[in-house]
Amino acid sequence: MENIHEKSIQKSEIFKYRIIGGYSVFILLSSLFFNSPKEIIEGLFRILTSPSLLLTDYLVVGNFGSTLFNAGILMILALFISKKNKAQLNGPLIAAVFTIGGFAFFGKNIYNVISIMAGVYLHSFIKKDHFTKYLIIAFFGTALSPLVSQVSFGFNFIQPYGILLGNSLGVLVGFILPPMASSFVRFHQGFNLYNIGFTAGITGMLFMSFFRSFELQNPATSIVYEGGNLVLSIYLSLIFISMIIVKIVISGTSLEKYKKLLKHSGRLVTDFVTLDGFGVTMLNMGILGFLGLIYVIAVGGQISGPVIGGLFTVVGFGAFGKHPKNAIPIIVGVYIASLLKTWEASSVSGLLAALFGTTLAPLTGQYGWKIGVLAGFIHMSVVTNIGYLHGGMNLYNNGFSGGFVAAIMVPIIESFKKEQKDER
Amino acid sequence: MRDEKSKLIKIMNELARFYLKNGIHHVEMTLDYEKDYGMVHLSGCCNILPDEVIDDLKQILNSPRKDETEEYYWNLIGSNDFSEMHLLGSLVDSGDVYYDGDVLKINVMRKH
């Protein structure tokens, strides 16, 4: 009996790996649709040697083809490592694979992620523990990959010392991340989905403090692509609609399970794949993708590398905590903030705050839409104020901000809830 | 090994919360920490629990262990006001649930 159960799990795992692997291969191969192999290689070289600080759009630094190639190869690498370690491809790992793919449009590349992953592996090796337990930290930990690139190529160190120092720091970062990530998750009590974003923000702040004390400064960087809305909308729509088709093929057109999925608060750890099934999770991912894309176009925004990164991350976390019901109020809050504050909703920072701000979706899920709107409103101010701390070396700046917002809001809300209970 | 003890304590906390949240206010707990595994035993009374709560509990405690989420999220269980029973299910190897309409007994085992 147990044997049959194990075989059925293995079969479903192979299926999930094939589907998510299919998206990775599609993204990789689609690079050839935009550029020739020669152009892709040239663009990739520029990407790999870029300091990659926030915001460095690889669509500008390289080209469409090389950026898609970079995204595809990183997603395949993440899947290969997961499969090699016999990891179950559930919500957290699907979120990690799409997040890595998304940030491969603006900050992560095959050069700057390796040393951080190696550092996490070293941690597990020294602790004589299975690397499987650390996979998610290794993948999300690549949030700090600009640190590797900036030290390697941005500070003008003599080579190969720059590259050696950059990678050594990458290994060090990866090595210290696991205990920090595990500890910091308590800070926001699981209400910030991009927990590593908070951990990486603190780590990035530590390293940036050292750099500044040696008069090493990171330049303010804003390289953002514009003018590709039509092509990129079609490209992204193809991906999102195929996710909805995958759901229909797996479990038909019934929406019963989806109604159940929408009832989850989304607070860590809510793995939709385990709780509601792979098919309905794919549907949720596709719907969230369209939701984000429609928002970007509706407010008059430009689809750039960072925006695609935001959309991919929202889609990935459609397997691990986010759904339209808990995400929309956050986006509304960010939008209201952009009407009242100094940022335009269509600006890159406005768009990224709306998309990545959904890291706080569990607040809506737990406490209702009004709290969600308030969280989005507060998040917009905090996220634009904290990038200086890590000098743009933490790609998950919204996760950093989300940690603070959740840590401030949750105890206040809970204290009032408790007082009400005591009064009764 | 230090983490193993902490994890076992948190598993016990989470299960104790499960009892209290379900209106069972008299709970006895014992903990066995052996070389290769740890076990937590809880017994409490008295409240009438719906069948679906018991069925869900059995399913959660016997769901496959998930190494992927362990190191990153284990600190969330048993540490705040929010239920993390699904996370607990991914941290334990097996669980027995006995309920006779009055007393609820839970035995949970986690291999190191």
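How many residues are in the hairpin that joins β1(B) to β2(B)? The hairpin runs through three residues, and we will come back to the sheet around it after a little groundwork. This is a predicted model, in which local features need pLDDT of at least 70 and side-chain atom pairs count only at pLDDT 80 or more, while totals for chains, interfaces and linings use all residues. Residues are numbered from 1 along each chain as its sequence is written, and chains are lettered from A and ligands numbered from 1 in the order in which they are written.

Let us begin with chain A. Chain A holds 21 helices and zero strands; here helices (H or I, at least four residues) and strands (E, at least two) are DSSP runs, numbered from the N terminus. Its radius of gyration is 20 Å, close to the 22 Å that the globule rule gives for 424 residues, so chain A is as compact as a globular protein of that length. That radius is taken over C-alpha atoms, and the globule rule is 2.2 Å times the number of residues to the power 0.38. The C-alpha trace of chain A spans about 65 × 50 × 50 Å along its principal axes. Of the 424 residues, 57% count as buried, where a residue is buried if 20 or more other C-beta atoms lie within 10 Å of its own, exposed if 12 or fewer, and partly exposed in between, with C-beta atoms placed from the backbone. Contacts, meaning residue pairs whose C-beta atoms, placed from the backbone, lie within 7 Å, reach far along the sequence: of those in chain A with a separation of 6 or more, 80% come from residues 24 or more positions apart.

Chain A can also be read as domains. The domain assignment gives domain 1 (2-213) and domain 2 (250-423), with bounds that come from an automatic or database domain assignment. The centres of the two domains of chain A, taken over C-alpha atoms, are separated by 21 Å. Across the boundary, 49 residues of domain 1 of chain A are in contact with 46 residues of domain 2 of chain A. On the domain 1 side, α3 (58-61), α5, α8 (145-154) and α10 (195-213) of chain A each supply at least two residues, and α10(A) gives the largest share, eleven residues. By class, that side of domain 1 has 29 nonpolar, 17 polar and three charged residues; Ala, Val, Leu, Ile, Met, Phe, Trp, Tyr, Cys and Pro count as nonpolar, Asp, Glu, Lys and Arg as charged, and the others, Gly among them, as polar.

For a single residue to look up, try I408(A), which lies in helix α21 (residues 397-423) of chain A. I408(A) counts as partly exposed because it has 14 C-beta neighbours inside 10 Å. I408(A) and H188(A) are 220 residues apart in sequence, yet their C-alpha atoms are 8.1 Å apart in space.

Now to chain B, which has four helices and four strands, following the pattern α-β-β-α-α-α-β-β along the sequence. Its radius of gyration is 13 Å, which agrees with the value near 13 Å for a compact globule of 112 residues. The C-alpha trace of chain B spans about 35 × 25 × 25 Å along its principal axes, and buried residues make up 34% of the 112 residues.

The strands of chain B form an open sheet of four in the order β1-β2-β4-β3, with antiparallel pairing; two strands pair if DSSP finds at least two bridges between them. The edge strands are β1 (26-33) and β3 (94-99) of chain B, each pairing on one side only. Eight bridges join β1(B) to β2(B), and here E28(B) stands opposite S43(B). Eight bridges also join β2(B) to β4(B), where S43(B) stands opposite K105(B). Six bridges link β3(B) to β4(B), with S94(B) opposite M109(B).

In a regular strand the side chains alternate between the two faces of the sheet. Along strand β2 (residues 37-45) of chain B, G38(B), V40(B), L42(B) and G44(B) point to one face and are buried, while Y37(B), M39(B), H41(B), S43(B) and C45(B) point to the other and are not.

Finally, the two chains meet: 24 residues of chain A are in contact with 17 residues of chain B. On the chain A side, α9(A) gives the most, with four residues.
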